[in-house]
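Here are some questions and answers on the terms used for this structure. Each answer sets a value against its definition.

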Amino acid sequence: MKTPGATAGPGSAFSEISTDAACSSGLVSGGGINQAIGTGTSSNGNKINGTSPSPDGSTEYTGSTGVVGTDVTHWLGIGGSGGAVNASFSSTPYAMCFSSSLINHTQVVMNKLAGPTSSGTVGLVTATCPANTRLLGGGARITPASVGSLKPIASFPTFNDSAHGYGQKAAADGETNPDSWTAVGWNGGGGNSNNTTYAYAICSGNNIDVSGATVKVRHSEVSGPTAATSGQTVTVGCGGNDGKLVAGGAAISGGNVTTTNFTGPGSVGDHLNGSYPSDSGGSPVGDGTTGAAHWTAFTHTGGGSSPDTYSDAWALCADDGV
C-alpha cells in the first residue's frame, strides 16, 4: 500500500483538489481516500468527489466507456467542497499495490451515467469486468465540482445478474467472485451542470486462467450517522482464510444494501469522507504497509438530521491460488 500523505484543500467553495498515490511496484488493484474535515458546521462542506484509477496520477478516465486502461499504477483521491470550507480540509489518497505470479496484467473498465440531476435522487451506474476475468477492485467519481451538493455516496462490489438487480444490490458478506463495481451519485441541492456519475472496475487481464483464483467479499453495515453535523465509521476485514486485502468500498445509504435495491440516506446533505485501508480499529495504515487486512468507511451528515441512515464498508480479499 502506498500513500503520499495529506494534501490541503479545497480552500474555496464549490471546488476540488486531486491527489495521487502511486505504486512503485505492482499494479493498482484498488484504492481509497481519507479526509480531514475539522469541526463545527463548516466540517459539513468537505466531501469525496472521487476515488478512482489513473494511468499517470493526473489523467482521468471520463471519455468513452468500456476498457479504458491496462496495467494502471496510480490512484486518485479527489476532495471536493460544498458551500463551506475551513483550513482543516485535506485529502489523503491510498493505492493498493497488487502483485501476483498468476494475475500479472490488469484492465480498467469504466461506465458512466448522466445525473443525478434533481435534489434527493441517486444516479447508480455499474461497470462489469470482461468474461473470464476477476474483479479486483473499483472506484467512483462525479463531475462537475461546481455543483457543490453533488457527490458519490457509494462505491461497492456487486454482480451483473438478476439476483443483484444488475448492480443495484451490493455483494453480501461471504459472497465470492463478484464481477462488477457500482458507483452511486447523490444530488443534494438539485443543481445540474451536466452532472455525471462514473463507475470503475479493476479487473484481471485477458487470457489469464483465473479458475483457481478466488475473491471473497467481506461486508459490514452499521446504523448512523443520524444527527446533523455528525460522522460514523464502519470497519470490515479479511479473515485468515480469505486471502489478502486488495480493495474496498464504502456507502452511506438507506440500509439493507445487499438485499434491496440501493436507496439514498435520510438527508440530502449526507456524504462520504473516507474509504481507505485500515487497522482493525479503523485507523488508516501508513505508507509501505504490506499487511493491511481491513477497510474503513467514514461517513458524515450535513446540516440536517438524517433518520434511518446506515453506513457500509466492503473488503475484497483475494487468493490467486498459486
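Buried means under 20% relative accessible area, exposed means over 50%, and partly exposed lies in between (1.4 Å probe, protein chains only). This is a predicted model, in which local features need pLDDT of at least 70, side-chain atom pairs count only at pLDDT 80 or more, and totals for chains, interfaces and linings use all residues. Residues are numbered from 1 along each chain as its sequence is written, and side-chain values use heavy atoms, with hydrogens and water left out.

Q: Why is E60 called partly exposed?
A: The relative accessibility of E60 is 26%. Partly exposed is the class between buried and exposed, so E60 counts as partly exposed.

Q: What makes R141 buried?
A: R141 has a relative accessible area of 3%. Buried requires a value under 20%, so R141 is buried.

Q: Why is the pair of R141 and E60 called a salt bridge?
A: A salt bridge is a side-chain nitrogen of Lys or Arg within 4 Å of a carboxyl oxygen of Asp or Glu. The side chains of R141 and E60 meet at 2.6 Å, N to O, and the pair therefore fits the definition.

Q: What makes this pair a tie between parts of the chain?
A: R141 lies in strand β10 and E60 in the loop between β4 (46-54) and β5 (66-70), so the pair ties together parts 81 residues apart in sequence. Strands (E, at least two residues) and helices (H or I, at least four) are DSSP runs, numbered from the N terminus.

Q: How do you know that E16 forms a salt bridge with R141?
A: The closest N and O atoms of E16 and R141 are 2.8 Å apart, so the pair meets the salt-bridge cut-off. E16 lies in strand β2 (residues 16-22) and R141 in strand β10 (residues 135-143), so this pair joins parts that are 125 residues apart in sequence.

Q: Is E16 buried or partly exposed?
A: E16 has 31% relative accessibility, so E16 counts as partly exposed.

Q: What makes K2 and D287 a salt bridge?
A: Their side chains meet at 3.4 Å, N to O, so K2 and D287 fall within the cut-off. K2 is in the segment before β1 (7-8) and D287 in the loop between β17 (271-278) and β18 (294-300), 285 residues apart.

Q: Which class does D287 fall into?
A: D287 has 44% relative accessibility, so D287 counts as partly exposed.
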